[in-house]
Amino acid sequence: MARNENSAAGGEGERRNRDRGERRERGENRDRREEREGDDLVEKLVGINRVAKVVKGGRRFGFAAIVVVGDAKGRVGVGSGKAREVPEAIRKATDQAKRSMIRVPLREGRTLHHDVYGHFGAGKVVLRAAPPGTGIIAGGPMRAIFEALGVADVVTKSVGTSNPHNMIKATFDALAQCVSPRAVAARRGRRVSDILGKREGEKEAA
């Protein structure tokens, strides 16, 4: 009887060790994958605030950081982190931004396909596609997003708030609504030319 209990306990211990090893291996693979993805990522520090927590005996100070991360090829993410030291807060924010990256379709790799509106809380933003040579007409946190995203020409306007958190979340709300003509055509079961219509030269020739 005792032998059976010992063997059962030994089997349980081996199973626990095996599960632990699998979790460790998954964590190492995830870290390696994040390192590979982070080799060519653009990191933009949007802002750092000093925050205070009131505890018995006084106030405990820390730092809150906002970081935007992108690959300059249509992927971008944002993250925030808090810590007692600035470098640790930036590291936490960067890790969160890498995990929350989204893909945004770009026209010719330089601008948006269409105008789009976004809002979050009191923040409202308008993003407009722009012709070549316009540049990034945006200020504050929004400029960091488009630089990390890889957009070269865009015109933006923020209304209602200057809080960087609300501005960034409103901008991401707008970017999440961006779709490419190819995606719209596939959803409708039509060709891209049917969605965009004929170009001016083709109309004149017709």
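What follows is a short chat about the strands and helices in this model.

Reader: What makes this a predicted model I can read residue by residue?
Author: Residues are numbered from 1 along each chain as its sequence is written. The model is predicted: local features need pLDDT of at least 70, side-chain atom pairs count only at pLDDT 80 or more, and totals for chains, interfaces and linings use all residues, while side-chain values use heavy atoms, with hydrogens and water left out.

Reader: Why are β6 and β8 called paired strands?
Author: Strands (E, at least two residues) and helices (H or I, at least four) are DSSP runs, numbered from the N terminus. Two strands pair if DSSP finds at least two bridges between them. β6 (residues 123-129) and β8 (residues 154-159) have 6, running antiparallel, so by that rule they pair. Leu127 sits opposite Thr156 of β8.

Reader: What makes β5 and β7 edge strands?
Author: The open sheet has 4 strands in the order β5-β6-β8-β7, with mixed pairing. β5 (116-120) and β7 (136-137) each have a single partner strand, so one side of each lacks a neighbour in the sheet.

Reader: How do you know that β3 pairs with β4?
Author: There are 2 antiparallel bridges between β3 and β4 (residues 102-103), and the rule asks for at least two, so they pair. Arg75 has Arg103 as its bridge partner in β4.

Reader: What about β2 and β3?
Author: 8 bridges join β2 (residues 58-70) to β3 (residues 75-83), again antiparallel. Ala65 has Gly81 as its bridge partner in β3. Their hairpin has 4 residues between the strands, and Ala72 takes a positive phi near 60° there.
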